[in-house]
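Biologist: I am new to this structure. Could you take me through its aromatic residues and its nonpolar regions?

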Amino acid sequence: MRTSHPSGPGMDLRPTPMVLRLLIANVVIWLLFGVLVNLAGQQWVGDLFSEQLTLRPHEALFGLKIWQLLTYSWLHDLGAASHLILNMLFLFFVGPALEKRWGGRSFLSFYIWAGLIAGAVSCLAGLALPSLFGTGVVGASGAIMAVFAAFSLVMPEATVLLFFVIPVQAKWVIWIVVAIDTVVFV
């Protein structure tokens, strides 16, 4: 059985159909909000972005803004393009291998459920440590982390290039990513 090498030499760099749709959706939403908030100077859009769509644990649970468990994962920090770029790079390099194995609909379902579950975990963490979530939570990082974890479990022997240079088996990369994400979070 041949091992998949998602970021090795000769890899197919074409995204699969569902991954491409997710990449486009995330970038278009980020650009749309960026244009409306920054270029058009429409403060009401910024307020809507901040107050209604960003995951705020207390509001989501006690203010019954349950939709925030879904909407936050489609938004990214308008002031930091790197947030969007890093999430989409992870999706671009790892997502297609899972989509090819599971199919587009199953991959999309996994991605959405992963975002919802990450939102629920963020709510629990936000209730336990409210000072960490004062400004709310945005981004697909939770869903992307789940995609990476699934990849490392489904294809543990696959080789990925950590930082585009260091070849590492997927079963080890997830722990490195979790460690880096934890350090950044703290």
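**Aromatic residues and nonpolar regions**

Modeller: F90, F148 and F151 form one aromatic cluster. Please keep in mind that this is a predicted model.

Biologist: How many aromatic pairs are there in the whole structure?

Modeller: A search of the whole structure finds 5 aromatic pairs. In one of them, the ring centres of W74 and Y111 are 5.9 Å apart and the planes lie at 65°; this angle is over 60 degrees, so the pair is edge-to-face.

Biologist: Where in the chain do W74 and Y111 sit?

Modeller: They belong to distant parts of the chain, 37 residues apart. W74 is in the loop between α4 (68–71) and α5 (81–102), whereas Y111 is in helix α6 (residues 104–128).

Biologist: Is W74 buried or exposed? And what about Y111, buried or exposed?

Modeller: W74 has a relative accessible area of 18%, so it counts as buried, the limit being under 20%. Y111 is buried as well, with a value of 2%.

Biologist: Back to the cluster. What kind of pair do F148 and F151 make?

Modeller: Their ring centres are 6.3 Å apart and their planes are at 55°, so the pair is tilted. F148 and F151 are 3 residues apart in helix α7, which means about one helical turn separates them. Both are buried.

Biologist: Which other residues of α7 are buried?

Modeller: The buried residues of α7 also include A143, I144, M145, V147, A150 and S152.

Biologist: What should the 14 residues of α7 span, and why?

Modeller: Helix α7 covers residues 141–154, and at 1.5 Å a residue it should span 20 Å. The end C-alpha atoms are 20 Å apart, so the model agrees with the expected span.

Biologist: Now the interior. How many residues are in the largest nonpolar core?

Modeller: That core has 32 residues, and those with the most contacts inside it are L91, L98, F107, Y111, F151 and V173. The elements giving two or more residues to the core are α1 (17–39), α5, α6, α7, β1 (159–162) and α8 (170–185). Helix α7 provides the largest share, 7 residues.

Biologist: And on the surface, which residues make the nonpolar patch?

Modeller: I85, L86, L89, F163, F164, V165, I166 and I180 make a nonpolar surface patch of about 800 Å². Helix α5 gives the most to the patch, with 3 residues. L86 is found in helix α5.

Methods: Residues are numbered from 1 along each chain as its sequence is written. This is a predicted model: local features need pLDDT of at least 70, side-chain atom pairs count only at pLDDT 80 or more; totals for chains, interfaces and linings use all residues. Side-chain values use heavy atoms; hydrogens and water are left out. Helices (H or I, at least four residues) and strands (E, at least two) are DSSP runs, numbered from the N terminus. The expected span of a helix is 1.5 Å times one less than its number of residues. Buried means under 20% relative accessible area, exposed over 50%, partly exposed in between (1.4 Å probe, protein chains only). Rings of Phe, Tyr and Trp (its six-membered ring) pair if their centres lie within 6.5 Å; planes under 30 degrees apart count as stacked, over 60 as edge-to-face and the rest as tilted. Patches are made of residues with over 30% relative accessible area and no salt bridge: like charges are joined within 9 Å, nonpolar side chains (Val, Leu, Ile, Met, Phe, Trp, Tyr) within 5 Å. Accessible areas come from the Shrake-Rupley method with a 1.4 Å probe; for residues, only the protein chains shown count as cover. A salt bridge is a side-chain nitrogen of Lys or Arg within 4 Å of a carboxyl oxygen of Asp or Glu. A nonpolar core is a set of buried Ala, Val, Leu, Ile, Met, Phe, Trp, Tyr and Cys residues joined through side-chain atoms within 4.5 Å.
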